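Let's take a walk through this fold, helix by helix, and then stop at a few residues along the way. Have the sequence and the coordinates open as you read.

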Amino acid sequence: MEKTDLKSMTKEELSRFLSEMGEKPFRANQLYQWMHEKLAVSFDEMTSLSRPLRERLSESAVLTVLEPVCVRVSGIDGTRKYLFRLADGNVIESVLMRYHHGNSVCVSSQVGCRMGCRFCASTLDGLTRSLTASEMLEQVYQIERDTKERVSNVVVMGSGEPLDNYENLVRFIRLLTGEGGLHISQRSVTVSTCGLAPQIRRLADEGLSVTLALSLHAPNDAVRRTLMPVADAYPLTEVLDACRYYAEKTGRRLTFEYSLVRGVNDNLAEARALAALLKGVHGHVNLIPVNPIRERSYVQSGRAAIEAFRAYLEEHGINVTIRREMGRDIDGACGQLRKSYLEREKKEEAAGT
Ligand code: SAH
């Protein structure tokens with residue numbers, strides 16, 4: 001029988017679970033606090049619970065804790081890139097970025113990804129599996145334990161498509177932002193999606209106030225389809241309607257991510273089309289110079305092209321930022337560290353070491 005994943009449970013669910021074990025409901029608060037506030041890594045640490053209860057818990061339930069495999073620290077900007085091993089042996093990556101406004105953690109939502117975006121390293125081997133809420137939380141918890149610094153922002157922009165793991169994502173957000181845990185403000189959480197329109201609408205109706213980032217990457221379906229297979233399933237009109245609905249329901253400003261790829265989506269005709277597409281939309285554009293991966297031949301746009309693109313959008317009333325490239329010296333792009341780690345592991349296995 002599969003053991004209960006305690007760290008993915010709400011306080012109410014824990015209460016029910018413990019009362020079924022014959023325990024007093026207030027124990028749920030203590031257990032919740034040990035897991036989500038004190039960030040305990042073992043039942044042994046939970047000294048306010050009796051030893052027999054801790055033993056019974058360890059028999060019927062698991063306390064999900066990720067195992068740190070390695071951390072790489074950027075010499076340029078102090079960005080820390082972590083590789084964690086899950087209980088089933090899979091590895092995932094998470095990133096800590098230090099900004100003047102606080103520490104931001106980029107969380108993975110799946111092992112691999114099945115969306116197939118052409119420029120992205122996370123999707124090259126497809127989807128292995130989705131992460132549980134506790135596995136997403138633990139990425140943030142491990143980084144707090146490691147740095148002993150508070151995390152103030154969380155972006156779900158690591159490997160995986162968060163809206164392809166919908167229930168676990170929403171559970172994760174509630175546990176991360178709820179009282180009695182890290183209690184991170186929902187306004188400081190961003191969910192980035194490649195544009196699964198029905199799930200965007202569903203998220204709008206959850207009563208959450210997290211920021212939605214749409215990976216746009218092109219101002220029309222023709223160019224978008226060459227970069228993102230998901231564009232075949234959901235055309236831009238449908239995706240943008242869902243985004244507008246999200247903005248209306250939540251009152252949150254939207255973010256549009258646009259990775260600039262030389263000669264593919266970075267000329268002024270595209271800037272013009274983008275400005276027209278986003279006219280009157282409550283949001284801003286975040287330009288990302290594409291981070292080239294070895295398996296694809298995409299090339300980063302030149303400085304001048306990026307500047308011209310930005311200037312055009314600004315002149316036409318669109319708010320624009322250019323994403324600072326964090327941790328470029330440490331395999332900063334999505335899925336690159338994990339990929340190089342897995343390749344090394346495979347080579348070592350083949351060599352019998
Ligand atoms: N699946 C989600 C979140 C993961 S990726 C999504 O699609 O939004 C986070 C962002 O980084 C997305 O905008 C994604 O398109 C972009 N991205 C992925 N690989 C990249 C690369 N090599 N260079 C630039 N941007 C990349």
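**Helices, crossings and a few odd residues**

The crossing of α4 and α5 is right-handed, where a right-handed crossing has the near helix turned clockwise from the far one by less than a right angle, and a left-handed one has it turned anticlockwise. Ala133, Met136, Leu137 and Val140 of α4 make this contact with Asn168, Leu169, Arg171, Phe172, Leu175 and Leu176 of α5; contact here means heavy atoms within 4.5 Å. Sorted by class, the residues of the α4 and α5 contact come out as eight nonpolar, one polar and one charged. For that sorting, Ala, Val, Leu, Ile, Met, Phe, Trp, Tyr, Cys and Pro are nonpolar, Asp, Glu, Lys and Arg are charged, and the others, Gly among them, are polar.

Before going further, a word on the ground rules. This is a predicted model, in which local features need pLDDT of at least 70 and side-chain atom pairs count only at pLDDT 80 or more, while totals for chains, interfaces and linings use all residues. Residues are numbered from 1 along each chain as its sequence is written, and side-chain values use heavy atoms, with hydrogens and water left out. Helices (H or I, at least four residues) and strands (E, at least two) are DSSP runs, numbered from the N terminus.

Back to the geometry of that pair. The axes of α4 and α5 come within 8 Å and cross at roughly 45 degrees, and that makes α4 oblique to α5. Axes are lines fitted to C-alpha atoms, for helices over the stretch in contact, with angles from 0 to 180 degrees between N-to-C directions. Under 35 degrees counts as roughly parallel, over 145 as roughly antiparallel, 65 to 115 as roughly perpendicular, and the rest as oblique.

Follow α5 to its other partner, helix α6 (residues 197–204): the two axes come within 12 Å and cross at roughly 30 degrees. That makes α5 roughly parallel to α6. The crossing of α5 and α6 is right-handed. From α5, Tyr166, Glu167 and Val170 meet Gln199, Arg202 and Leu203 of α6, and these residues divide into three nonpolar, one polar and two charged.

Now for the start of the chain. Helix α1 (residues 11–20) and helix α2 (residues 26–36) have axes that come within 8 Å and cross at roughly 125 degrees, so α1 and α2 are oblique to each other. Their crossing is right-handed. On the α1 side you'll find Lys11, Leu14, Ser15 and Leu18, meeting Arg27, Ala28, Asn29, Leu31, Tyr32 and Met35 in α2. Six nonpolar, two polar and two charged residues make up that contact.

What does α2 bury, and against what? Its buried residues are Ala28, Gln30, Leu31, Tyr32, Trp34, Met35 and His36, and they pack against α1, α3 (51–60), α4 (133–147) and α5 (166–177). Buried means under 20% relative accessible area, exposed over 50%, and partly exposed in between (1.4 Å probe, protein chains only).

Just past α2, in the loop between α2 and α3, comes Leu39. Its phi is positive, about 55 degrees, although Leu39 is not a glycine. Most residues other than glycine have a negative phi. Leu39 is buried, with a relative accessible area of 10%. His183, also not a glycine, has a positive phi near 60 degrees and sits in the loop between α5 and β10 (189–193). At a relative accessible area of 44%, His183 is partly exposed.

Leu39 also turns up among the contacts of Arg145, a residue of helix α4. Leaving aside neighbours within four places in sequence, Arg145 is in contact with Lys7, Leu39, Ala40, Val41, Val65 and Glu138. Arg145 counts as buried, at 18% relative accessibility.

Over in helix α9 (residues 236–250) lies Ala247, buried at 12% relative accessibility. Not counting residues up to four places away in sequence, Ala247 touches Arg252 and Leu254.

Last stop, the cysteines. How many disulfides does the structure hold? Zero, taking a disulfide as a pair of cysteine sulfur atoms within 2.5 Å. The sulfur of Cys243 is 11 Å from the closest cysteine sulfur, in Cys194, too far for a bond. Cys243 is buried at 0% relative accessibility, and Cys106 is buried at 10%.
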